[in-house]
Each structure stands twice: as C-alpha cells, then as structure tokens.
Amino acid sequence: MSKDTVTIRDNRNNREVEFPILHGSEGPAVFDITHLYRDLGLFTLDPGFRSTASCKSDITFIDGEEGILLYRGYPVEQLVDRCDHLEVCYLLLNGELPTDAENKEFRRIVTNHTMMHEQLAQMYRGFRRDAHPMAILVGVVGALSAFYHDSIDIRDPRHRLVSAFRIIAKMPTIAAAAYKYYMGQPFMYPKNELTYAENFLHMMFATPCGEYKVSPVMARAMDQIMILHADHEQNASTSTVRLAGSSQANPFAAISAGVGSLWGPAHGGANEAVLKMLREIGSVERIPEFIKRAKDPNDPFRLMGFGHRVYKNFDPRAQILRKTAKEILDAMGYVYDPLFHIALELEKIALEDEYFVRKKLYPNVDFYSGVILSAMGIPTNMFTVIFAVSRSIGWIAQWNEMIGSDEGIGRPRQLYTGHARRDVPPSGLKED
Ligand code: CMC
C-alpha cells in the first residue's frame, strides 16, 4: 500500500478503497475522491465546502493560520508596497509580473477599452434613481454579454484575454456611472492619462462643470484597496464565477453572477454593513451592548467586519489597511472622527474579549476598508461596488484558468432528504 494514499473502509461490506493524496506547492494536501462514487457508490457531504477543494489553481494561496496571502507566489504586502493595481492585474492574469515593455503595452491596451458602449450607457435609465448601485452593477455587467457574445470563442486563449481586458478596463467606468446615476449627475468619460485608481476617482467625483484634481493620498489608498481585494482563491463569488462559467456561458454573464454573490453581507457586502453597524452603535458607551448581542446564541446579530472562514489568527489585508486608515484620516484632516473612534474602541474590546479570542474572530479587511472609504467621502452603498471593481481581475483570471483547464462543467450532487416516490392523486389535488 502506497504511503501517499488515504484508505476508506466501508464498514457495511468491509470494502476498502485507496485514494491518492495530491500535493500542491503550498498548504494542506488533498485526497482525490474523483472515483469515490464509482468505487464505493457513495457521495461526500460537505455543505459550505469546509473540507473540500473545488478545483486546482495556480493563482492565489492563503495560509489562514499564519495570515499569509500570496498572488502567484508574491506576498500581498510586497505587492502593495512595490506595484500598482494594473501591475497586479497583469500578474494575476499572466502568472508573472510584467517587464517594463509588457507593462506599457498592458496599460495601453487596458486604457483603450475603458469606455462603455453608448447603448450600454442608456441602459442605466431603466433603473430607479434610488436603485442600489450593486443592483445596477449586476444588470450592466450582465448586459455586457449582449455586446460581446457571438464574437467570443472562449476556447481561444486570445479571445479570453480580450474579455479580460474588457472587464478590467470597463468595470471602473460601469461602477462610477452607477454612482453618477444615483447622484443624478452626468456620467464622466474615462481619462486615459490617469492611473487606474485615479481614473476611477475622476469618474466618480469630477463633473463637467470644473476641474477635478485627484488627491494623491486618496489615489494611493484606492490603489491599495484594489490590490488587497484583487483575488482571494475560491471564495463564494469566485466559486460562483467558475461554476457559472463552467457551462461555457458568456464570461460577462458569469462575472455578473459573481457580482451577485459578492453582494451579501457575509462576503463583500460586509464593508457596507460595517459602516451601518458603526452608525447604529453611535457612541463608544453603547459598544458593550452590541458585544453582548454578538455573543448571544439566540440573537442573529454578528459584529460586521469580524471573523473569516479561512483566516484564524489575522487577516493580512486588514493589517495593511489598518495603517492606511490612520494615514488617510490624518491626510484628510480628521482630527477626531467619531466613527473611526468607535471602530478603534470596538476593535480593542473585541480583540481582548474572551468570546472573540476563543472563537478566533479578528477584524477582517472589510472592517478597515469601510472606514477608509467613508473618510474618502465615498457613500456607503458604493463600498461593495468598489470591492467588485477590485475583485473583477480575480474573477476573470480564475475564469480564464478554469476554461483553459479540463475541469468540465461543475455539477455538485446532494443528499436527497425529500419525499420518496409517491403518486399524484387522481384529482390532481392534495386529498383532505
Ligand atoms: N460576530 C459574532 N460571532 C461570530 C462572528 C461575528 N462576526 N463570526 C462568526 N461568529 C461565531 C458564530 O456565531 C459561530 O459561533 P458558534 O460556533 O457558537 O455557532 C462561530 O463564530 C463560527 O462562525 P461560522 O459562521 O461557522 O464561521 P464561518 O466561517 O462560516 O463564517 C464569516 C465566516 C466571515 C461569514 C463570519 O465570521 C461572519 O459572518 N462575519 C461577519 C461578516 C463579515 O465581516 N464578512 C466579511 C468576510 S471578509 C471579506 C470577504 O472575504 O468577503
């Protein structure tokens, strides 16, 4: 018997079957159960995927115990220090950092795709003025598939790359337009001489009435937020994109499914939920009341921005953004920001509280990104939209990897717990 296997013994009939253990380049090994049903007639049950690797991937690695996050092998802390978001996009998509010439060419191509089709811009008018910008984003990103469908052959790597350029380039334009529509202001066209983060801020805050100068501090903070949210291996929205795309659906339809998945407060919607919670807490004196609620098993309330499925000691993204939050508040001249004060007190109390320590619930990336975006004057309902803009590179890189592999359609099975076979009454109605 090979040592690199797991043997499962079915005690009903004393059958033993061996499964190979596969080793990745980092992290826990897996055992390959592809033939489990064929050999034992059993499925596995793992709702929430707590012990299940859904695919092989070369893109991102997380060590939740050590608080490590690597994009293509590079620590995210170094990428934030030495690269900008577009360089990280190139890395995630192609596997290597760009050379100087590749970098220039990549920027040229991306900036040539930043405008949206004028017909697409008209689509916004179908939404209510008070529509949540995430609702608009789900719709407009999905509608990109109407503009680029028959022209795309997803089996052709070059076509997949062009889809990636389009999504990277157009997401900030689409997202900023969702905000402008909500505000009742005219859409701003992209400016190709600006960096990716500057351009996004320009499209959000400039108006045709005057000059808008992008603050370098805000642009740097936005760039950091974008890099830190760019990918996170097989999280809910990325898994959604891979699963939706596995049927060979249009890539923009698959990305739109990812936007929908991101929206929930347990995932990307948490940054918006953090700010709502801080406002609800309202003063430092009320923090104990909310901590008590979070610990009460009969109260569904959770401290938003705390806890993570994978990080069990600290979230490396949160550590970087904690520093940025302080920098941005200083730079924006906030001598005393009541919300940030509540956030810091909450962080302190939760980090010392026995319940949060025992359950390993630490502040996550959304806790600090919410505070930063709020200090930058970005409305709360745009927070998750900014997460979506940042994560779009991760989604498209993972989609590209999945289509380029031989994974085939994703089709989970189930443990059926409903009625056994039964007949419809002759009347067709339920009998009294
Ligand atoms: N406040 C209070 N208790 C919590 C919290 C929280 N934020 N998070 C988890 N717990 C408790 C939970 O009640 C459970 O207790 P028990 O074992 O007694 O039932 C235990 O901790 C484990 O929770 P879980 O729900 O099994 O953990 P999970 O891995 O399924 O959930 C999570 C992870 C992020 C969904 C969850 O921690 C949460 O809801 N946090 C708040 C929302 C949030 O900040 N989400 C952003 C995640 S980071 C950005 C991203 O990746 O999208």
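A polar contact is a pair of N or O atoms within 3.5 Å. Keep that cut-off in mind as you move through this predicted model.

**Stop 1: the ligand's polar contacts.** Select the ligand and phenylalanine 306. Here a nitrogen atom of the ligand is 2.9 Å from a polar backbone atom of phenylalanine 306. Next, select histidine 267: an N or O atom in its side chain is 2.6 Å from an oxygen atom of the ligand. Now add asparagine 364, where a side-chain N or O atom is 2.9 Å from a ligand oxygen atom. How much of the ligand does the protein bury? Taken alone, the ligand exposes 940 Å², and the protein buries 74% of that.

**Stop 2: the shell around the ligand.** Show the residues around the ligand, and you should find 21 of them. The closest are His267, Leu303, Gly305, Arg309 and Lys359. Try colouring the shell by class: ten residues are nonpolar, six are polar and five are charged.

**Stop 3: a cavity.** Searching the whole structure turns up one cavity of 30 Å³ or more. The largest cavity has a volume of about 40 Å³. To find it, select its lining: Gly307, His308, Tyr311, Phe314, Asp315, Lys360, Leu361, Tyr362, Pro363 and Asn364. Which classes make up this lining? Five of the residues are nonpolar, three are polar and two are charged. You have met one of them already: Asn364 lines the cavity, and its side chain also has the ligand contact from Stop 1.

**Stop 4: an annotated stretch.** Finally, select residues 367-389, which UniProt lists as "transmembrane region" in an unreviewed entry. In the model, this span is 70% helix and 0% strand. Its end C-alpha atoms lie 18 Å apart.

Terms used: Residues numbered from 1 in each chain as written. Predicted model: local features only at pLDDT ≥ 70, side-chain atom pairs only at ≥ 80, totals over all residues. Heavy atoms only, no water. UniProt positions renumbered as here; feature names shortened; annotations may be inferred. Helix = DSSP H or I, 4+ residues; strand = E, 2+ residues; numbered from the N terminus. 1 Å grid on protein atoms, 1.4 Å probe; cavity = no way out; pocket = protein on both sides within 12 Å on 5 of 7 lines; lining within 4 Å. Points joined across faces, edges and corners; volume = space filled by probe spheres on them. Nonpolar A, V, L, I, M, F, W, Y, C, P; charged D, E, K, R; others polar. Near = heavy atom within 4 Å. Polar contact = N/O pair within 3.5 Å; in protein donor to acceptor, adjacent residues only side chain to side chain. Areas by Shrake-Rupley, 256 points an atom, 1.4 Å probe, with all protein chains shown as cover.
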